[in-house]
Structure formats: C-alpha cells, structure tokens
Amino acid sequence: MLVVAVTLLLAGYSGYIYWRQWKEEHRAKFASYPAFGIQLPLGYVIHGIDVSSYQEFIYWPSVKQMKAQDVQLKFAFIKATEGLKDADKQFKHNWQSAKEAGIARGAYHYFLTTKSGKLQAQNFINTVKLQPGDLPPVLDIEDLYGVKPAVMRKEVTDWLQAVEAAYKIRPIIYSFEDFYINNLGKDFSSYPLWVAHFVNNDKPKVKRDWLFWQHSDAGKVNGITTKVDFDVFGGDSTQFAGLLVK
C-alpha cells in the first residue's frame, strides 16, 4: 500500500509540474503590448534586453517579432550563473530559444564578492558554451557585500582572467555607474563596459568609453509577462558584428 501511495503521490506531483509549466508557457505566448512601455533613447540603432528567471518563462518568437517605433530587439543578455554553484533556472531555455529566434545572445554571471573569483569563473565556464555569433561573456558586479574594495578587485580580476583564458575573448563588465566609479574605475578601464544608469535620456553618466547602456528596468516586451531591462549598444551594426564570437 505504501508503494502505491508513493507512486500516486509522485504521479500527482509530476502532473502538477507539467501543468504549471504549460500555464507559464501559455501566459508568455499570449503576453502582448502595444509598445515597449518606456521612452527609448534616440540616436541608437541596436536595442536589446537582459533577462533572468525573474522574467519567468519567455516566449522568444514573440520577442523577436515585436516591433514598435521602428525598433526591433537585436540582442539579449541572459543570466547564466551566480556565485560558486548556482545556475539560473531559466538559462537553458533562454539560451537555446533566443538563438533559435534569431536574437544575438550573451551570458552573464552575477558575482558574489564573498566568494572565490576563480571558483565562480569555473561555475560560469562549466555552464556556458559560447558559439559563433554569441556576445562576449559578462561579469555582473553590483555590491561589495561588506568586502573591502581591494579584496573585491582581486577576486574580480581572477574571474576576468580565468574566463578570458577559457573563451579566448575579453569579458565585459556590467555595473551601475556609481559602483563602477567608486569601486572599479581605472583598474578595469581596459575591459569593455556595460553600464546601468536610469536617469539620463541620451547617454549614461560615466567618464569612459562604454559598449552597452542599460537605460531602463521597466520595459514591456511581447512574450514576457513581467517588466524587463532595456539596453542599447553604443555603436553601429558593423561594430556590433565585430564584437561577436567568431
């Protein structure tokens, strides 16, 4: 009797998981908006988004097909890993489906300053397999978590060097404008920058060259049931193509 009860319980749980997944996919497929819901900065030709499991299930064909104000999304940065062992629960789906939809994809690691940079790099390397046409890997660093800046910079350097050695391409650093200026700055000026700054309407407030600008965290996109971060690339289509993995 116990075996039968356990079998029925597992069958019921599996059915619930299947139903929940179907429900998430159904909601995403029919999520539709008349426009992106935010003011887009002028003068940029390549727009994109960045996503994680916070956006739940994403229906990428709808993301690709959406067009508003003559803008279509060309790229997506996708959360892959965090810390020493964690992998984003939607990464595999987002990574595969974004490529199938024809959107240039990039993977990022959320960095924990309290953990080893080398071991965090290995977590990312074990999870992300870059292919031609992908964007360079990204280190997302946003908080000191009580660690001294000098210690943080050492661990960040270890991550960047390990990832560059593994993929043979220079990683991008993502950070908020204030955090970058106060804690990273000149020590990392040779790395491409993806900067988050939500105040200005024309460009981010950072006194160095940058590749990507995250200008809003409140956009709306067909195929996504939650708000989503919006980004622009700072160059033209030729420069964008030159950035991709060969």
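What is the handedness of the crossing of α4 and α5? Right-handed. Since this is a predicted model, everything below describes the prediction. Let's start with that helix pair and then work through the rest of the fold.

Helix α4 runs over residues 117-127 and α5 over residues 149-167, and the two pack at an angle of about 35° with their axes 7 Å apart. On the α4 side, the residues that make the contact are G117, K118, Q120, A121, F124 and I125. Facing them from α5 are E155, D158, W159, A162, V163, A166 and Y167. Sorted by class, that contact has 8 nonpolar, 2 polar and 3 charged residues. The spacing along each helix is worth a look on screen: an α-helix has 3.6 residues a turn, so residues three or four places apart point the same way.

While you're at α5, take a look at R153, which is found in this helix too. With a relative accessibility of 25%, R153 counts as partly exposed. Once you set aside its neighbours within four places in sequence, R153 is in contact with N183, D187 and F188. Its C-alpha is also 8.8 Å from that of T113, a residue 40 positions away in sequence.

Now step back to the whole protein. There are 7 helices and 9 strands, and buried residues make up 49% of the 246 residues. How much of the contact set joins residues 24 or more positions apart? Counting contacts with a separation of 6 or more, the share is 69%.

A31 gives you a concrete case of two stretches meeting from far along the chain. This alanine sits in the loop between α1 (2-29) and β1 (47-51). Is A31 buried or exposed? It counts as buried, because its relative accessibility is 13%, and the cut-off for buried is under 20%. Leaving out its neighbours within four places in sequence, A31 is in contact with N222, G223, I224 and T225. The C-alpha of T226, 195 residues away along the chain, is 9.3 Å from the C-alpha of A31.

Next, follow the chain to α3, residues 91-100. Which residues of α3 are buried? They are F91, N94, W95, S97 and A98. These buried residues pack against quite a list of partners: β1, α2 (60-65), β2 (73-82), β4 (104-110) and α4. So α4, which you met in the pairing with α5, is also a partner of the buried residues of α3. After α3 comes G102, with a positive phi near 90°. W95 has a charged companion as well: R105 lies over the face of its ring, 3.9 Å from the ring centre. You'll find a second arrangement of this kind at Y191, where R170 lies over the ring face at 3.9 Å from the ring centre.

That brings us to the aromatics. The model has 19 aromatic pairs. One of them is F75 with F77, an edge-to-face pair at 5.8 Å centre to centre, with 70° between the planes. F75 counts as buried because its relative accessibility is 0%, and F77 counts as buried for its own value of 0%. Another edge-to-face pair is W210 with W213, where the centres are 6.3 Å apart and the planes are at 70°. W213 is buried, with a relative accessible area of 0%. Which residues do ring pairs link into a cluster along with F75 and F77? The others are Y108, Y174, F176, W194, F198, F212, F233 and F240.

Finally, check two loops for backbone oddities. E56, in the loop between β1 and α2, has a positive phi near 60° and is not a glycine. In the loop between α2 and β2 you'll find D70, another non-glycine with a positive phi, here of about 60°. How do these two fare for accessibility? E56 counts as partly exposed at 32% relative accessibility, whereas D70 is exposed, with a relative accessible area of 72%.

Key:
Residues numbered from 1 in each chain as written. Predicted model: local features only at pLDDT ≥ 70, side-chain atom pairs only at ≥ 80, totals over all residues. Heavy atoms only, no water. Axes fitted to C-alpha atoms, helices over the stretch in contact; angles between N-to-C directions. Helix = DSSP H or I, 4+ residues; strand = E, 2+ residues; numbered from the N terminus. Left-handed = near helix turned anticlockwise from the far one by under 90°. Contact = heavy atoms within 4.5 Å. Nonpolar A, V, L, I, M, F, W, Y, C, P; charged D, E, K, R; others polar. Phe/Tyr/Trp six-rings, centres within 6.5 Å; stacked < 30°, edge-to-face > 60°. Buried < 20%, exposed > 50% of the residue type's maximum accessible area, 1.4 Å probe, protein only. Lys NZ or Arg CZ within 6 Å of the ring centre and 35° of its normal.
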